[in-house]
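Here are two short exercises to work through with the model open beside you. Try each task before reading its solution.

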Protein chains: 4
Amino acid sequence: MSFSPFDSAIFRKLYGDPETSALFSDSAEVRAMLLVEGMLAKVQGELGVIPEDSAFFIQRSSMEVQIDPAALADGMARDGVPVPALVEAFRKAMEAPEHAQYVHWGATSQDIMDTALVLRLRQFVTLVEKRLESLEGALTGLARETRDVVMAARTRSQIATPTTFGAVVAGWVLPLRRHRERLARLRGRLLVVSLSGASGTASALGGKAGETERALAEALKLGVAEGPWHTARDSIGELAALLSLIAGSLGKIGQDVILLSQSEVAEIDTGKGGGSSTMPQKSNPVAAETLVTMGRFTAGIVGQIHQSQIHAQQRDGTAWAQEWLVLPQICIATGVALQHAITLAGNLQPNPGRMLSNIAATSGTIFAEAASFALAEHMPRPEAQEKVKQAVHSALRDGKHLRDVLEATTDADVDWNAVFDATRQTGRATDIVGSL
Amino acid sequence: MSFSPFDSAIFRKLYGDPETSALFSDSAEVRAMLLVEGMLAKVQGELGVIPEDSAFFIQRSSMEVQIDPAALADGMARDGVPVPALVEAFRKAMEAPEHAQYVHWGATSQDIMDTALVLRLRQFVTLVEKRLESLEGALTGLARETRDVVMAARTRSQIATPTTFGAVVAGWVLPLRRHRERLARLRGRLLVVSLSGASGTASALGGKAGETERALAEALKLGVAEGPWHTARDSIGELAALLSLIAGSLGKIGQDVILLSQSEVAEIDTGKGGGSSTMPQKSNPVAAETLVTMGRFTAGIVGQIHQSQIHAQQRDGTAWAQEWLVLPQICIATGVALQHAITLAGNLQPNPGRMLSNIAATSGTIFAEAASFALAEHMPRPEAQEKVKQAVHSALRDGKHLRDVLEATTDADVDWNAVFDATRQTGRATDIVGSL
Amino acid sequence: MSFSPFDSAIFRKLYGDPETSALFSDSAEVRAMLLVEGMLAKVQGELGVIPEDSAFFIQRSSMEVQIDPAALADGMARDGVPVPALVEAFRKAMEAPEHAQYVHWGATSQDIMDTALVLRLRQFVTLVEKRLESLEGALTGLARETRDVVMAARTRSQIATPTTFGAVVAGWVLPLRRHRERLARLRGRLLVVSLSGASGTASALGGKAGETERALAEALKLGVAEGPWHTARDSIGELAALLSLIAGSLGKIGQDVILLSQSEVAEIDTGKGGGSSTMPQKSNPVAAETLVTMGRFTAGIVGQIHQSQIHAQQRDGTAWAQEWLVLPQICIATGVALQHAITLAGNLQPNPGRMLSNIAATSGTIFAEAASFALAEHMPRPEAQEKVKQAVHSALRDGKHLRDVLEATTDADVDWNAVFDATRQTGRATDIVGSL
Amino acid sequence: MSFSPFDSAIFRKLYGDPETSALFSDSAEVRAMLLVEGMLAKVQGELGVIPEDSAFFIQRSSMEVQIDPAALADGMARDGVPVPALVEAFRKAMEAPEHAQYVHWGATSQDIMDTALVLRLRQFVTLVEKRLESLEGALTGLARETRDVVMAARTRSQIATPTTFGAVVAGWVLPLRRHRERLARLRGRLLVVSLSGASGTASALGGKAGETERALAEALKLGVAEGPWHTARDSIGELAALLSLIAGSLGKIGQDVILLSQSEVAEIDTGKGGGSSTMPQKSNPVAAETLVTMGRFTAGIVGQIHQSQIHAQQRDGTAWAQEWLVLPQICIATGVALQHAITLAGNLQPNPGRMLSNIAATSGTIFAEAASFALAEHMPRPEAQEKVKQAVHSALRDGKHLRDVLEATTDADVDWNAVFDATRQTGRATDIVGSL
């Protein structure tokens, strides 16, 4: 029972992402570290760095052995890294000292932890890609279905000009595509093995250090880094920033949904809203709120991963630990947001009638820009703008419709039906949806 | 087994603070919310707002009932707050519908959650105060013991002039005192009941809303807020900032310890350092590193609590949830840092011999300022400064001691013994310790 | 012409605060540093530390001399602090080497810069207090005027129950009061002289270091610090956090105003809104937006001041410079927000008619909580809640008024006039305003 | 004279980057906006959207007209964007109302401001690329020159094993390469025109909106966006994050330089250090400190740009203004850091003699790992590790050299000359430099 809504028993159905959390669990970490140790031994056996039968034994044991994460706690507290305790526990559990001595041959703790992290980040990156695709699919479908659903655009919280709900949704989709491009590019930089030994020179790995690194990478289906990255944490920082951007894009969706589902706007229904402990009429946009929260949370925490880029000398215990505290949270928060966004995309119900009545409630002023361009075909544009401006003022002051005021005050031959028809004033909205 | 080093089975002996984490556990939250519901019923019974026997029954039940936090998860996911589910589960568990109907009478979810939070923050604030006192005590003792232990001060990473280890430690103590003052002042603002109903007007609490609030506050030994604080989160923000400042002050201690225990400086020994998986000579300053990490972590996350000050209208699901994600972490990180600082204060061993030899290794240049002030009694100060500057250059270039160069190049009647005696060049260092 | 909207010629009428910016201008910094150097000489003359006539000459010169800030740039770039260049320029400008040599006697750069900062922060703190008072006054007046103006409260973006505009405004006022309390407390900790010499021991200040410090403090009407604060930056951090909280409280006001002035809500008019380059009907809530922006900005940057608490050893060039980059911005942003908030408080026009019509548009569902408590006097509360819940569903589905549905489905003797009268359902709203 | 060290007359020679600042000056902004307005008219003339002679006149005027930025201040303060005032001033300055009416035809303020921003970001991105290349070149040269300069690696602030200075420098270079890759990829996403009209639908641009956008992009040599990006700010966020990563990588260099140039380590000389106002022996690593400061600053502020991803509806005045406050600073800070890093790379002087003596001062314990691997060829590795561990303890306790202790306590046939020869214990250090 955790302090964190991400895995609290109370909160985790709303704020949790079990798939992502599982990747950062203690058992997943131990499992991944053992996998790395096992594979390292295997390739070292193949390269003749350590005896082949020891390598075989170690690798098999790495898959079979059960190590209780809690058994590493004392060692972790003493050493500031769990690997010495893990190696000790692994050796002991093997019950074959003649082989066990070859475990962790020439590696350093950071090699094991970072490679084990990368293995799990690979799964996470794939999960994010799948969810992004799924979300794109759902939203693209929604945009197409609602391509011609006219609504008011709002800029700076005020009704501006007509748009379509489809175009709004398309605006949610486009950044997601770019995020997938970014993620694809990041893979090559992020998903690389770390095997550089105590100080980044791999000195204890012996003459076959380079071959060992390449073989380990191949065995784990990871890339080979351009150089040691114990202290060059830029790809971790790039991942964190990208996740924060993804969560931010989803936060924008959430914010829009909250605003569109306000009682007074009521242009979309979010499916099933949250209940109040005391007000039966409430239907709180819980999922949409969660998108905003996760977007603000990742934006609020990403800077720390960037602070930890300032990683002193050949290993920095403070900067590295900062990553441990922050990175899993950014991953989980993004995962949570993606899950909710997918569900929300499936549940969103626009209310075209309400959209039209909100447009109607503007007494035609939503068409002021269109009117001024229409008039500008018959008079200089500043004059047209001034005329419309005055008409807007009259309309609002006297409770009249803008069209009535304009028709009364101008005899220019304007097709007012076109100007005041929202479906003919949505510009490229349809094209935007079409481009998806 | 959590994603977070704060309560991971592997990491929590280093990065965990069980006492603080316990306050933010699911069971503690459920317990605290039930306590608030129980006390609310009790005072409402006393005030005649609800039947007295129901009040009695509810309050007793609130202490006896066992509610599984996981049973609230579905309700939480639906409603975005756990209280409706809690109230439902509590009512059901009471098996007395005639009384159960009076549970949560007139309150809103936020009243219950915020008051339940405050109850636990009270325990936390007390814990922080105790630890601050304990740390102050340990460091004050250390400062006094080492009052006359001369060492080099370093400014901008360069050796500057002599100081004493006692004065350095005193410099760690003084902010802690101010933090305790701040904490004492914060108590009155933070530790107040919340009972303002659905929209901050307490309308469902009826005509005795004010009395009920005061009675509840008294029953819980909390203060009465100046007004509804559902959306005025300044005291939460003040707490978060103060904790971040405390962790920052401890981070400064950690940073100093790391720098003083570097291999090449070696002026303090941190007791038992962390081992390396491969380098037996290493003794990593794990506890000191953790202080820096926690200081950077809290500074990196405090802004989010301040972001959530922008709490829309009469309740903002996004801003409020951001608090839930962040506040417990700031509390735990500060708690972790305080624990380590206390232990570290007990383990720190200055090495006076090394301190002297590091001073000696400067070939007297650490006394350059003192020399220039001594010479300035015999010539204009700019001339004295220039003379010393030249002498420093000669000394460094020729591998000579500054005193030798100065004695060879000036015949001013200066007491060079005094100038080059570190114990006579520590200014107010002793007074600083004395002021503790 | 600056890169920053805070003092860009284009942007500064919206985003600038000339009074605060002036405190952080180059000339103000030079002037303040000279003032400190002058006063230091004066008190050292009085204490017999330096010749009295030199002291007199220095202090007079410090007030008369004109030093071009740009002339310090090379020295600043070389030394990382402007004080050596300032002292050199000051000495030169005095044209009296016999006196000039006593300038900056025993002080270090940080003493001068920090004390000069504190002198300007004193003016700033006073400015903030005055503006807070002025804002409180304006808002308190507004709250009182609108004490009985009934409006819908919104929780989680949905209409909740009735409240009054006065109560909403009172909710804006209360945190401001607490901020003034905090500021008052902070003064004593923040507004203290710094005079601790090269390494915090004041060794070059000689035997009268303590007296000199106290005399300087008195001369500048500042306090005496409990100890050297070159590296104990907690009061700077406290100031930054408090400003961020203030700006956050103002951001909440801005957010509320934006939401209430949305086209579809239209319950307040912000006086004169911003125009669009193309849409004549727009009236953008520019001032309110600026409050939100400044609140998010300060929250986004405060953590850096907290990062700089981790100030290494006896002076840390990196952490200190971080303060220089950030602190003026936090001050200016808060100043900007305060100015706009005061203006906005004077311009805000609630629209009581629209508030009532928005309540009416809920078809009575805003009174659902009230209805369920009214019914609960005639039946068990869960039954009452269920009945109202069903009635709300019917009303929304069938386009009926909740009162009609309830009257048709229950024969309980309820005073429905009271239940559905917004002015009788505002609970303690009036008291909240009264408590101001 | 600005509040900000970035352009303060006192501070800007250290903390300023005139080339980058110039891009964000008021005049550059006005110039860029006029350029966009002029080009828009030009392409609209070519497409027959507006009269060709008006287009010609507007475009020519856009290059010739002088508009005082301060003249836009009132309009900016009123509207929250400077474009309406700019358009008005431009029209007036043209003194040809018959043409002037076609200025800004169908565009919205954000189109102009964002496109004008992108034009300047293009220059900035090119500047960053050039500086990155230059820095890479300088550091690569330094790494090659010092490929065989042996020094101690430090992990967690303790001496670990030998490495070379060349390898350390190579470790600084590799992230820079990746940053250039990232920047190259970002160009396509970032450097695109914005032309989407009032609400993202380009409705006022008429039937040729798409053609106009493409023509404008071509005229400005920018790309065409995949869709409207008024509210999809991901590429701005990507830029900010990348700059923060770059500054972070440079901060790591600065941190390493500070640590290596400490008085007690003294392994590198930074050329000319900063002077103290009172201590003539000091040589403060001002440039290196500035790298750390800028790295921490960008990391501390990047999250705000990510907060502003949550950009409400079709334009969000709060989120957009947050970009204005933050983005220029991130650009300048990164620019400052790049400049200093280039200079520093040219000034850095390693001190090979001191590096060797620092290795020698470890009494051979720096070779403990090497010794244990050497012994492990003659006995099981745990036994070898234990033997070396005991020998390290003896050596440190008795003030002996590790080699002497080992030779005395083992008769294994080990080539101790090789084990204790730093030049033979640097593993892949040479290869790492070679890979540059």
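## Exercise 1: Where two chains meet

Task: In this predicted model, find the partner with which D:Glu238 forms a salt bridge, then describe the interface of chain A and chain D around that pair.

Solution:

1. Start with the pair itself: D:Glu238 forms a salt bridge with A:Arg182, and their closest N and O atoms are 2.7 Å apart. The cut-off for a salt bridge is 4 Å, so this pair qualifies.
2. Next, count across the whole interface of chain A and chain D: there are 12 salt bridges.
3. Now ask which helix of chain A supplies the largest share of the side that touches chain D. Helix α11 (residues 234-260) does, with 13 residues.
4. Sort that side of chain A by residue type: 30 are nonpolar, 37 polar and 20 charged.
5. Finish with the area: chain A and chain D bury about 7,600 Å² between them, with 53% of it on carbon and sulfur atoms. On the chain A side, A:Arg156, A:Ile310 and A:Gln313 lose the most area to chain D, together 10% of what that side buries.

## Exercise 2: A buried acid

Task: Work out which polar partners the side chain of C:Asp316 has.

Solution:

1. Locate C:Asp316 in the loop between α12 (286-307) and α13 (317-347) of chain C.
2. Check for a salt bridge: C:Asp316 is buried yet has none, and the nearest side chain of opposite charge, B:Arg296, is 6.3 Å away.
3. Look for polar neighbours instead. The side chain of C:Thr318 makes a polar contact of 2.7 Å with that of C:Asp316, and the backbone nitrogen of C:Ala312 lies 2.8 Å from a polar side-chain atom of C:Asp316.

Key. Residues are numbered from 1 along each chain as its sequence is written. Chains are lettered from A and ligands numbered from 1 in the order in which they are written. This is a predicted model: local features need pLDDT of at least 70, side-chain atom pairs count only at pLDDT 80 or more; totals for chains, interfaces and linings use all residues. Side-chain values use heavy atoms; hydrogens and water are left out. Helices (H or I, at least four residues) and strands (E, at least two) are DSSP runs, numbered from the N terminus. Buried means under 20% relative accessible area, exposed over 50%, partly exposed in between (1.4 Å probe, protein chains only). Lys and Arg count as positive and Asp and Glu as negative; His and the chain ends are not counted. A polar contact is a pair of N or O atoms within 3.5 Å; within protein, one must be able to donate a hydrogen and the other to accept it, and residues adjacent in sequence count only if both atoms are side-chain atoms. Buried area is the accessible area (1.4 Å probe) that two parts lose on being put together, summed over both. Ala, Val, Leu, Ile, Met, Phe, Trp, Tyr, Cys and Pro count as nonpolar, Asp, Glu, Lys and Arg as charged, and the others, Gly among them, as polar.
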